[in-house]
Amino acid sequence: MTHENPSHFDPTRPRVLVTGAAGLLGRHVVRELLHRGLQVRGLDLRQAEEPIEWQTGDITDLDCLRRAVQGCFAVLHIAARPNIWSGDGDDILRINTLGAWNAFRASEEAGIRRVVFCSSDSVAGYTVREGAMVPPDYMPVDLAHPLRATDPYALSKVLGEDIGRSFALRGLEVIALRPVFVAYPDMEGEIRARARDPEHYTGRLAGGPSSAGGGPLYNHIDPRDLARAFWLALRMKAPGTPSCPFEAFYLAAQDTLAPEPTVQRLERILGRPVEVRDPDLYRQHPYASLYDLRPARERLGFAPEFSQRHLIEQAPKPS
Ligand SMILES: NC(=O)c1ccc[n+]([C@@H]2O[C@H](COP(=O)([O-])OP(=O)(O)OC[C@H]3O[C@@H](n4cnc5c(N)ncnc54)[C@H](O)[C@@H]3O)[C@@H](O)[C@H]2O)c1
């Protein structure tokens, strides 16, 4: 374990712990928090360039998390095996579930008020082909829609949320963010290539080797928007109810990266009509995501500012 304090580090000021701070998303979140004037401690297996206090260590080690949360007023738990291709099922389930347990447990012990847990839209069950790909009952998928994890990664996120909810019942404030596929800048090439020829594209697909990249509907979110959602989750007033201060939010860009409108695409894939509970949404925004973004807007104050859809709209069509 190493601690390295940047020169402007003030030990008397409260800080936020970001687990997974050296990862793709973690670094965006760290930058957002620094931009907002917060002091940040990062926990990860390795250290990155960002000028914060770093602790290297493993989230499956409870003592490591106990040290990491000291002096912090909130925890953003982002560290995880980040998708179904990031290890075998045993490792993904063990690391993500035990890591979440340790993060919540160490936070409660230290008297921390709020933990923001990085979940995933995969909890709904319609993201990657390695699972059973259970289609949604209706669209947009809202917070009342059943969770139907069918692969170890999605299951680890459902369990992580359940662990968080159990701590919320004991008083900890817990917010679970469920982002869709994060379109990082280095995936632009894949997104453009797929858009040029969606039917015949055989290259690597954004988001992993399977046709994931946001699931069959190509949902996506820009990492800058997602990082801002973490900041908003730190600031939001009282999540959930007084007896269970737990709340979850689906997060996505306004539009998908799919070549056809969302309802039309889902109905074509399923070969049958789908119950559309908010026809106005898809009438006004034909490419709107599969998920209901209203709770994020109304409760969290989150409105996506970025979309990578311009990448596919600029892509020349095959002749
Ligand atoms: N990338 C996506 O499309 C996507 C979509 C939804 C949710 N998420 C979630 O976002 C989070 C961040 O993912 P990412 O895209 O930045 O992936 P990433 O692999 O770049 O980041 C994950 C970070 O967690 C760290 N980590 C992994 N195991 C650890 C351990 N045992 N102890 C300490 N640190 C450990 C890694 O070193 C890495 O820096 C994850 O929780 C992931 O499940 C990602």
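How many helices and how many strands does the protein have? In this predicted model, the protein has 10 helices and 10 strands. Buried residues make up 50% of its 319 residues, and among the contacts with a separation of 6 or more, 74% are between residues 24 or more positions apart.

A good place to begin is strand β8, which spans residues 173-179 and is mostly covered, with seven of its seven residues buried. In a regular strand the side chains alternate between the two faces of the sheet. In β8, Glu173, Ile175, Leu177 and Pro179 point one way, while Val174, Ala176 and Arg178 point the other way, and all of these residues are buried. The strand also has partners to pair with: strand β6, made of residues 114-118, runs parallel to β8 and is joined to it by five bridges, with Arg114 standing opposite Glu173 of β8. Strand β9, residues 246-251, pairs with β8 in the parallel sense as well, here over six bridges, and within this pairing Phe246 of β9 is the bridge partner of Val174.

Two residues of β8 appear again in the nonpolar core. The largest nonpolar core has 90 residues, and those that touch the most other members are Val18, Val29, Val75, Val115, Val174, Leu177 and Leu251. Helix α4 supplies the largest share of this core, seven residues. Val29 can serve as an example of how such a residue is surrounded: leaving aside its neighbours within four places in sequence, Val29 is in contact with Val18, Leu76, Ile78, Ala227 and Phe230.

The next stop is the ligand. Of the 24 residues around the ligand, Gly20, Gly23, Leu25, Ala80 and Pro82 come nearest. The elements that give two or more residues to this shell are α1, residues 24-35, and α3, residues 89-109, and the largest share, three residues, comes from α1. By character, the residues of the shell divide into 14 nonpolar, seven polar and three charged.

Helix α7, residues 262-270, shows how a helix can be buried along one side. Its buried residues are Thr262, Val263 and Leu266. Because they cover an arc of only 100° around the axis, they lie on the same side of α7. These buried residues pack against β7, against β10 (275-276) and against α8 (279-284). The helix is followed by Gly271, whose phi is positive, near 70°.

Several loops repay a closer look at the backbone. Most residues other than glycine have a negative phi, and most peptide bonds are trans. Against that background, Met133 has a positive phi of about 50° although it is not a glycine, and this residue is found in the loop between β6 and β7. Is Met133 buried or partly exposed? Met133 counts as partly exposed because 16 other C-beta atoms lie within 10 Å, whereas 20 or more would be needed for a residue to be buried. Tyr218 likewise is not a glycine and has a positive phi, in this case about 55°, and its place is in the loop between α5 (188-196) and α6 (223-235). Tyr218 has 32 C-beta neighbours inside 10 Å and therefore counts as buried. A departure of the other kind comes at Pro140, since the peptide bond from Met139 to Pro140 is cis, with omega near -5°. Pro140 belongs to the loop between β7, residues 138-139, and α4, residues 152-168.

The last residue to visit is Pro304, which is found in the loop between α9 (294-300) and α10 (309-314). Why does Pro304 count as buried? The reason is that Pro304 has 22 C-beta neighbours inside 10 Å. Some of its surroundings come from distant parts of the chain: Pro304 and Asp225 are 79 residues apart in sequence, yet they are 5.8 Å apart in space, C-alpha to C-alpha. Once its neighbours within four places in sequence are left aside, Pro304 is in contact with Ile221, Asp225, Ala253 and Gln254.

Definitions and conventions
Residues numbered from 1 in each chain as written. Predicted model: local features only at pLDDT ≥ 70, side-chain atom pairs only at ≥ 80, totals over all residues. Near = placed C-beta within 6 Å. Helix = DSSP H or I, 4+ residues; strand = E, 2+ residues; numbered from the N terminus. Nonpolar A, V, L, I, M, F, W, Y, C, P; charged D, E, K, R; others polar. Buried ≥ 20, exposed ≤ 12 C-beta atoms within 10 Å, placed from the backbone. Pairing = 2+ DSSP bridges. Contact = placed C-beta atoms within 7 Å. Core = buried A, V, L, I, M, F, W, Y, C linked by C-beta atoms within 7 Å. Arc of directions from axis to C-beta.
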